[in-house]
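Me: Please take a close look at one part of this model, the sheet and the helices packed on it. After that, say what can be said about the nonpolar cores.

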Amino acid sequence: MNGALLNPEEVRVTDATVTGGKGRQLAQLRHFGLPVPDFAVLPAAWSEGRGEAFPAALVTALHDGLAARGWLEQPLAVRSSAVGEDSAAASFAGIYTSCLNVQGLDGVVAAVQTVWASLDSDTARAYRARMGHAGPARMGVIVMPLLAAEASGIGFTCDPLTGREDRLVIHANRGLGETLVGGETAGDEYVFAEDVEDAWRLIECRPGPKTCMSVPAPGGGTRRVALPDAAAAPLFDTERAEALAALLRDAAVAMDFVAPFYDLEWVWDGARFWLTQARPVTRRPRHAYGPLQAQPAIWTRGNTCEVMPEPLQPADWNFSRRGVNDLLVQGYVLAGFPVLAGAQRAGLFEGRLYLEASLLQWEAWDAIGMKPERLNALMGGHQPAIDVTPPGGRERLRRALTTLRYLVRAPALRRRGEAEIAAMHALARQVRQGPPPRDRDALRRLLYTVSRPGRTSIGAFFLQGSGGASLSFLVERLEHFFPGEGEALGAALLTGGTPSVTAQQGYDLLRLARLARAAGFPAQVPAQGDYARAFAEFMEVHGHRGHYETYMHSASWRERPERLLEQLPALAEVDEAALRARQQDAAAAAWQRVRREVPFWHRPLLRSLVKAARRECNQREAARSGLIALLEVCRMAWRLAADLLRADGALAERDDVFFVLPSEAERAVDGLVPPAGLRARVAARKALYEAWQAVTPPEYLCIAPAGEWLAAPAWPAPPHRPGEGWRGVATGTGRARGRARILRHPSEGSRLQAGEILVAPSTDPGWTPLFLKAAGLVVETGGYMSHGAIVAREFALPAVVNLPGILDGLQDGDEVEVDGRSGEVRLIRP
C-alpha cells in the first residue's frame with residue numbers, strides 16, 4: 001500500500017472501515033457546509049502492523065502529505081478515528097487517545113504511535129467486547145492544524161440525562177478541551193429550549209468552577225494553567241451562547257434530520273466557532289411516564305397512515321415532529337392532567353409517521369380511565385396495549401375530577417378554537433390576495449406570519465386532537481344496551497344533521513357538477529355564467545383542499561384545478577335526494593331502536609352525547625380545514641423562498657426547498673450555510689427519500705426498554721376463499737353489495753363507477769368526492785375517529801376500516817359485501 005493522507009472529500013467517499021468513524025463524520029459535516037477545520041486521515045490499514053517498527057514508507061508518506069499541506073512547521077492535533085468509533089451503536093467516548101500541539105514530523109510519528117497504542121489498552125479491549133466488536137481492532141488517525149482555542153467544550157443536541165428532545169445542553173471551559181473532556185473541571189453549563197419558531201433559546205446558565213485550563217506548551221504538548229477566578233462569570237453572553245446552540249443543532253440535523261441527537265466537540269477561536277467531532281448519542285434514555293419505563297415503546301401508524309401514507313419530506317417532518325404533540329395534549333392540559341413535559345409522541349421510521357401508542361394509551365388511561373384497547377379502536381391499527389392495573393378509589397376520584405374540569409373548561413376553549421379557525425382562513429385569504437413580498441425581509445415576515453398560527457393556535461389544536469371524548473362515551477353507552485353493536489349504532493345515530501365542512505364540500509361539489517353538466521362539461525371553466533360563479537365560490541371556500549393535502553408539497557385544488565374538473569362528469573350522475581333519504585332512513589331506524597330498547601331515563605343522555613359527538617367531529621374537520629388553509633399559503637411562501645435560494649445557487653430545483661428545514665433555509669439566506677453545503681444536504685435526503693419509497697413499513701413496531709428492536713409484525717395475510725370474511729371497525733351504516741374497485745390514489749377516481757365498493761389504502765378529504773358515488777367503503781387503515789369514518793357516517797355509507805392486507809386479498813371486479821353494522825367484509829364472488 002502506498003497510502004498518503006486522505007483529504008476530507010476522499011474520506012467522505014471512502015468506507016468508514018478504511019478511515020474510521022470519527023474521520024468519516026468530520027468529512028460529512030464539512031460536506032454539509034459546517035465549519036470543520038481542514039484535516040487529513042491516515043487510513044486504518046496502517047495500524048495493522050502497529051506492534052512492529054514504524055514503516056519507513058509511512059514516514060515518507062507523512063512527510064510528503066504534511067509538506068504538501070504546509071503543516072510541517074504548524075502545531076497539529078492528532079486524533080483517533082478507530083473503525084467503529086463514533087457510530088450510532090458505540091461511541092468509544094474517552095476510550096482512545098488524542099494528542100494536541102504536535103510539532104514536526106517526528107512529533108507526528110510519535111503521536112500516531114500513541115494513538116495506535118490506545119487500541120490495545122485494557123479499557124479499549126473491554127469496551128469492544130461489551131459492544132460485540134469482534135475481529136482485529138483497526139485505527140485511522142486524523143491530523144489537523146491545532147486551533148487557537150480561547151474556549152472549547154462539548155454540546156449535546158438532546159438532554160443526555162433524560163433523553164428529552166426539546167433540550168440542548170452545552171458545556172464550556174477556557175482553553176483547549178482536554179480539561180473538560182477529561183473531567184478535570186466542570187466549566188459552564190448552558191441549557192436551551194426550542195421555541196415556537198424552531199430557534200433554541202437559553203433558559204438556564206450554570207457558571208462552573210473553571211479552576212484550570214489547558215494551553216499549548218512550548219516545544220509541543222500541553223500544560224495546565226491555574227485560573228484564579230474559579231467563580232467567574234459565564235464565558236458567553238446569551239447571544240453568543242444561542243449562536244453556538246444554533247450551530248450545533250444545524251450540525252445535528254444536517255447529519256440526521258430524523259434523529260438529530262449528537263455529541264459534538266467545538267472550539268471558539270475568538271472570532272468563530274469550529275466543530276472538531278460529531279458522534280451520535282448512543283442509548284439515549286427513554287423519556288416517558290414512570291409506569292412505562294419497564295414496558296416496550298409501541299409505535300403505530302394505524303392512525304397516521306390514513307393522512308400521510310407515503311414517506312415524509314423534511315418540511316413535513318419539521319411540522320409533524322412538534323405538531324403531533326400540540327394536537328394531542330391540549331385536552332389533558334385543559335383538564336389539569338400533569339402532562340409529561342418534553343414527551344415526544346411522533347416518530348419517523350422508514351420515512352413514515354408513527355405515534356407512540358404507549359404514551360397515548362397511558363395518558364388516556366391515567367387521565368380519564370379510558371382502557372388502552374378502547375383508545376386503539378379509536379386510533380385504528382392492531383398494535384398491542386400497555387399493561388395497566390385496576391384503579392383504586394383515589395384514582396377513580398382523581399379521574400372523575402379530571403373529567404369534570406374538562407367538561408367545565410372545554411366550551412371556552414372550543415369557542416377560542418372556532419375563532420382561531422376563522423382567523424386562519426382570513427389570514428390565508430389575505431395572503432393569497434395580497435402582493436408578493438418585495439425583498440428578503442418582507443419574505444421573512446411573511447413566512448413568520450403564515451407559520452406562527454400553526455404553532456400557537458391552542459384552541460384549534462384542541463378541536464383537531466381532542467375530538468373523540470363524547471363519541472367514545474356514546475359508543476360505550478350504546479355497547480351497554482346493544483352489546484357488539486355500539487360502533488355501528490353510533491354511526492347511524494350520527495348520520496345526517498349539520499354537515500361537517502368536509503361533507504359540505506361534497507354537497508357543494510354535487511351542485512357544481514350539475515352546473516357543469518348544464519354547461520356541457522367544458523374543458524376550461526368559462527369566464528361568466530352560473531357555472532363560473534359557482535366554481536369561483538367553491539374555490540374560495542374549498543380550494544385549499546386536495547389529494548393527501550397534509551404533505552407540504554401536495555398541490556391544492558386551487559393550484560391543480562384539473563384534478564377537480566375531471567371528477568365532475570361522474571358526480572353529476574349522483575342522486576343527492578337518494579343520498580339524503582338514505583341518511584334520514586338510517587338515523588330514523590337507529591332512533592327507533594333506541595326508543596324501543598333503551599329505558600326512557602337514559603335517552604336524554606344519549607341525545608346529548610349524539611349532539612356533542614356530532615359537534616366535536618364537525619369541529620375536528622373544521623380545524624383540519626383551517627390548518628390546511630394555512631399550509632397552502634405556507635407552501636406558496638416557501639416556494640418564494642426557494643426562488644431566493646436558487647438564485648444564490650443553494651437549490652437546483654424549486655421543490656427542493658421541501659427537503660430543507662426552515663432553520664437551514666434561514667441560515668442559508670443569512671450566509672451561515674454555504675450553497676454547496678445546502679445542495680449536499682438536499683441530495684442526501686432525496687436519495688434517502690427514494691430509498692424509503694421502496695420500503696413497505698410495518699403497521700406497528702416495538703422497542704424494548706433497553707433499546708433493542710423487537711420483531712416488527714408483517715401485515716396479516718387475509719383469506720381469499722369465497723364466503724370467508726374480514727372483520728374491521730364498523731364506521732358506516734347499513735349493508736351494500738357490489739363490485740370492488742381498488743384505488744390506491746384519489747387521482748384514479750375516474751375508474752370508480754356508481755354503485756361499486758370503493759376499496760382504498762387510506763382516505764383523506766381528497767377522497768371525499770368518491771364517497772358520493774360509491775355504494776360502500778372499505779379502507780385498509782384508519783379507526784373510528786379517522787377522516788374516512790367521520791365522513792362515511794355523515795353520508796350513511798356502509799363502511800368498514802382498519803383492514804390491513806385487504807388490498808392484496810381482493811382484486812378489481814370481485815363481488816363483495818360490506819356490512820357497516822357488523823364490521824365485516826365478505827368476498828361473494830371472485
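Reply: Helix H3 (residues 21–31) lies across E1, E2 and strand E4 (139–145), and its direction is at about 110° to E2. Helix H5 (residues 104–117) lies across E1, E2, E3 and E4, running at about 175° to E3. These placements, like everything below, come from a predicted model.

The strands under these helices form an open sheet of four, in the order E1-E4-E2-E3, with antiparallel pairing. At the edges are strand E1 (40–42) and strand E3 (99–102), each of which pairs on one side only. From one strand to the next, the twist averages 30°. Strand E2 (residues 76–82) is joined to E3 by three bridges, and the two run antiparallel. Across from Cys-99 in E3 stands Val-78.

As for the cores, the largest nonpolar one has 144 residues, and Leu-471, Leu-758 and Phe-795 have the most contacts inside it. Helix H24 (residues 603–647) gives the most to this core, contributing 18 residues. Leaving aside neighbours within four places in sequence, Leu-471 is in contact with Leu-494, Ala-613, Glu-616, Cys-617, Tyr-784, Met-785 and Arg-793. Another core, of 45 residues, lies apart from the largest one; among its members are Leu-6, Phe-32, Ile-142 and Leu-247. Ile-142 falls within the range of strand E4 (139–145), which brings the account back to the sheet. As a general matter, nonpolar side chains tend to be buried together in soluble globular proteins.

Technical notes: Residues numbered from 1 in each chain as written. Predicted model: local features only at pLDDT ≥ 70, side-chain atom pairs only at ≥ 80, totals over all residues. Heavy atoms only, no water. Core = buried A, V, L, I, M, F, W, Y, C linked by side-chain atoms within 4.5 Å. Buried < 20%, exposed > 50% of the residue type's maximum accessible area, 1.4 Å probe, protein only. Contact = heavy atoms within 4.5 Å. Pairing = 2+ DSSP bridges. Axes fitted to C-alpha atoms, helices over the stretch in contact; angles between N-to-C directions.
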